[in-house]
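Biologist: I am new to this structure and would love a close look at one part, the open sheet. Could you also show me the chain around that part?

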Amino acid sequence: MALYRDQGVVLRTHKLGEADRIITLFTAGHGRIRAVAKGIRRTKSRFGARLEPMSWVNGQFYEGRNLDIVTQVETAHRFEHLRTDPERLHRAAVMLESIEHTTQEGGPDRSIFNLLTGALRELDRTGNHSVLPAFVAKLLMLEGIQPQVDECVHCGRTEGITSINLHQGGVLCREHRSGQPISDEVRVALSLVFAGEVRKMLEQTDSRVADETELLAIQLLEQHLERRLKSAGVFRTAL
Ligand SMILES: [Zn+2]
């Protein structure tokens, strides 16, 4: 069996047998992996609480036939506020779930790893409402998706835009509407996010529009993934 070291963020964990857990991580060098942490559910486990979802760790793994095995783990970066502030926690949970659904097991992708760790750090540090929309926009762009947000994708009309549909390639006027409704203010905010002008978006956007932009970003992600994100339920009920 081969031994390797890598750093990764824990996306989720589930129970295995009496005392073990399967840990799903997105790693810098090996992409998404699953590894067994043996004895982790025992009180005196040597892993402690270091392998909870959202933990960013350095680890040593044995390459197994089906599942790898975690042999050592240390905290690589400690997030100060992600778990204690429910708002940050919900946003981080959406990020973790979307990374799990956009990536394949064993496909190394440094840009995804950098996106995830960068967004989690920023969210931890600022708790700012633009982090999740910016994360979604970058994730979609890495997936090759950059919606047209300035004019109707069918007729080129710039007035009377009422909806957005990723499967159609962007926003649509009243006549051609499909997908999710979008207000003018949110469309402007979204176009700034997709242009990488996150700071400008924050300066120009009040908190109601920022919240709506955030919800729409989640809906766009769900359109793209063609599935509902479990962790996004709280955003739907809050708005
Ligand atoms: Zn149109």
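**The open sheet and its setting**

Modeller: Happy to help! The chain is divided into domain 1 (3-77) and domain 2 (128-238), with bounds that come from an automatic or database domain assignment. This is a predicted model, where local features need pLDDT of at least 70, side-chain atom pairs count only at pLDDT 80 or more, and totals for chains, interfaces and linings use all residues. Residues are numbered from 1 along each chain as its sequence is written.

The C-alpha centres of the two domains lie 34 Å apart. Along the chain there are seven helices and eight strands; these are DSSP runs numbered from the N terminus, with helices (H or I) of at least four residues and strands (E) of at least two.

Now to your sheet. Three strands form this open sheet in the order 7-6-8, with antiparallel pairing. Strand 7 (170-173) and strand 8 (180-181) stand at the edges, each with a single partner strand, so one side of each is left without a neighbour in the sheet. Two strands count as paired if DSSP finds at least two bridges between them. Strand 6 (residues 161-165) pairs with strand 8 in the antiparallel sense over two bridges. Here you can find Ser163 opposite Pro181 in strand 8.

Stepping back, the C-alpha atoms of the chain fill a box of roughly 60 × 35 × 30 Å along the principal axes. Of the 239 residues in the chain, 39% are buried, which asks for 20 or more other C-beta atoms within 10 Å of a residue's own, with C-beta atoms placed from the backbone.

Key. Buried ≥ 20, exposed ≤ 12 C-beta atoms within 10 Å, placed from the backbone.
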